[in-house]
Amino acid sequence: MARSQQTYSKGEREKKRLKKQEEKRKKKEARKLSSNENPQGIPFAYVDHLGNLVDTPPDPANKIKVDADDIILGIPKREEGDREPFDPVRKGKVSFFDTSKGFGFIIDTENNEKYFTHVSGLIDEIAENDSVSFELEKGMKGMNAVRVKQI
């Protein structure tokens with residue numbers, strides 16, 4: 001005699017699925033009934049003269065008149081006097097330098113950032129606690145100090 005193909009767990013899952021489907025159908029019918037009894041329409045949100053969202057229409061006496069020609073779209077053009085001169089040379093202090101391995105770190109005096117430097121980027125020989133001037137260049141793992149000169 002052959003066994004039934006439906007196991008206990010399959011039957012339980014089927015009952016659960018049918019129960020869920022029935023609950024969904026009941027919720028849908030309840031929503032339909034509530035929307036027919038209380039039609040509200042589309043809710044509105046207004047913006048008052050201060051720019052806040054409110055549910056009541058704003059007072060026309062507080063309305064501000066804006067001329068369309070005064071509105072500027074886009075970014076204003078830069079003038080020659082607007083640009084600040086950019087000096088790529090920075091000043092710092094050598095916090096660590098290993099001459100045998102040929103690398104070290106320089107701390108920028110402006111923002112206290114630590115930058116890696118390699119012997120290939122040195123102009124003068126440097127040692128720890130030396131004041132130096134340098135430029136920054138993007139390296140593989142961040143910004144590197146290059147063209148390092150002792151002050």
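About 14000 Å² of surface is exposed by the protein chain in this predicted model, and carbon and sulfur atoms supply 53% of that area. Burial can be viewed alongside this surface: of the 151 residues in the protein chain, 15% count as buried.

The overall dimensions help to picture the chain. Along the principal axes, the C-alpha atoms of the protein chain fill a box of roughly 90 × 85 × 25 Å. The radius of gyration of the protein chain is 36 Å, whereas a compact globule of 151 residues would have a value near 15 Å.

Turning to the secondary structure, the protein chain contains 1 helix and 7 strands. Followed along the sequence, these elements appear in the pattern α-β-β-β-β-β-β-β, with the helix leading and the strands coming after it. Contacts across the sequence can be described too: among contacts in the protein chain with a separation of 6 or more, 38% are made by residues 24 or more positions apart.

A closer look at the surface brings out a nonpolar patch of about 480 Å², made by Ile64, Val66, Ile71 and Leu73. One of these residues, Ile64, makes a handy landmark for finding the patch in the structure. Ile64 lies in the loop between β2 (53-54) and β3 (90-98). Ile64 has a relative accessibility of 62% and therefore counts as exposed, since the cut-off for that class is over 50%.

Conventions:
Residues are numbered from 1 along each chain as its sequence is written. This is a predicted model: local features need pLDDT of at least 70, side-chain atom pairs count only at pLDDT 80 or more; totals for chains, interfaces and linings use all residues. Side-chain values use heavy atoms; hydrogens and water are left out. Patches are made of residues with over 30% relative accessible area and no salt bridge: like charges are joined within 9 Å, nonpolar side chains (Val, Leu, Ile, Met, Phe, Trp, Tyr) within 5 Å. Accessible areas come from the Shrake-Rupley method with a 1.4 Å probe; for residues, only the protein chains shown count as cover. A salt bridge is a side-chain nitrogen of Lys or Arg within 4 Å of a carboxyl oxygen of Asp or Glu. Helices (H or I, at least four residues) and strands (E, at least two) are DSSP runs, numbered from the N terminus. Buried means under 20% relative accessible area, exposed over 50%, partly exposed in between (1.4 Å probe, protein chains only). The radius of gyration is taken over C-alpha atoms; the globule rule is 2.2 Å times the number of residues to the power 0.38. Contact means heavy atoms within 4.5 Å.
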